[in-house]
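The following exercises concern a single protein chain and are each followed by a worked solution. Please consult the sequence and the coordinates while working through them.

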Amino acid sequence: MRLPPSSPYTLVKSASYILLQGVPTGISLVEVDRAIREVEAVQDVHELHIWQLSETKVVASVHVLASPKRDFMSVALEIRRALHERGIHSSTIQPEYHRITLPVSSNDFPPCS
């Protein structure tokens, strides 16, 4: 039995994805990650998050380890095109140019006051 688009079940399901910030149905996190990695000058991708902000707006945020040999604005444009092709029309792309190694021990951080 197929429920009509305006059924209470459909509304609750849609609202749940929005409130829980789940990856929307029909978008593959793995596929989006792969598409970003295929952009020239992208060396690594992490902190990729995709969620539905409203009924019609899907957004993403991602950190990209990029080669410093290429202007990042052109890299970001290619990433945005890849996202757009997959139904993501609003994004935040954070460039990074080197790996940061975090301290291993919590003793390396100053105490919180």
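**Exercise 1.** Determine which residues of helix α2 (residues 29–37) are buried, and on which side of the axis they lie.

*Solution.* Step 1: the buried residues of α2 are Val 32, Asp 33, Ala 35 and Ile 36; buried means under 20% relative accessible area, exposed over 50%, and partly exposed in between, with a 1.4 Å probe and protein chains only. Helices (H or I, at least four residues) and strands (E, at least two) are DSSP runs, numbered from the N terminus. Step 2: these residues lie on the same side of α2, because they cover an arc of only 160° around the axis, the arc being that of the directions from the helix axis to the C-beta atoms. Step 3: the cover over them includes β1 (42–52), β2 (58–66) and α3.

The model is predicted: local features need pLDDT of at least 70, side-chain atom pairs count only at pLDDT 80 or more, and totals for chains, interfaces and linings use all residues. Residues are numbered from 1 along each chain as its sequence is written, and side-chain values use heavy atoms, with hydrogens and water left out.

**Exercise 2.** Establish how the strands pair and what the handedness of the β-α-β crossover is.

*Solution.* Step 1: along the sequence the pattern reads α-α-β-β-α-β, with three helices and three strands. Step 2: β1 and β2 pair in the antiparallel sense over eight bridges, where pairing requires that DSSP finds at least two bridges between two strands. These two strands form a hairpin with five residues between them, and Val 45 has Val 64 in β2 as its bridge partner. Step 3: β2 and β3 pair in the parallel sense, over seven bridges. From β2 the chain passes through α3 to β3, and this crossover is right-handed; that is, with the strands pointing away from the viewer, the path from the first strand over the helix to the second runs clockwise.

**Exercise 3.** Describe the surroundings of Thr 92 in strand β3.

*Solution.* Step 1: Thr 92 counts as exposed, at 52% relative accessibility. Step 2: the bridge partner of Ser 61 in β3 is Thr 92. Step 3: not counting residues up to four places away in sequence, Thr 92 touches Ala 60, Ser 61 and Val 62; a contact means heavy atoms within 4.5 Å. Step 4: Arg 80 is twelve residues from Thr 92 in sequence, and their C-alpha atoms are 9.1 Å apart.

**Exercise 4.** Characterise the aromatic pair of the structure.

*Solution.* Step 1: a pair of aromatic rings is described by the distance of the centres and the angle of the planes. Step 2: Phe 72 and Tyr 97 form an edge-to-face pair, at 6.5 Å centre to centre and 80° between the planes. Rings of Phe, Tyr and Trp (its six-membered ring) pair if their centres lie within 6.5 Å; planes under 30 degrees apart count as stacked, over 60 as edge-to-face and the rest as tilted. Step 3: Phe 72 lies in helix α3 (residues 72–85) and Tyr 97 in the segment after β3 (90–96), so the pair ties together parts that are 25 residues apart in sequence. Step 4: Phe 72 is buried at 8% relative accessibility, whereas Tyr 97 is partly exposed at 39%.

**Exercise 5.** Locate Ala 41 and Glu 47, and state the phi value of each.

*Solution.* Step 1: most residues other than glycine have a negative phi. Step 2: Ala 41, in the loop between α2 and β1, has a positive phi of about 85° and is buried at 17% relative accessibility. Step 3: Glu 47, in strand β1, has a positive phi of about 55° and is partly exposed, with a relative accessible area of 45%.
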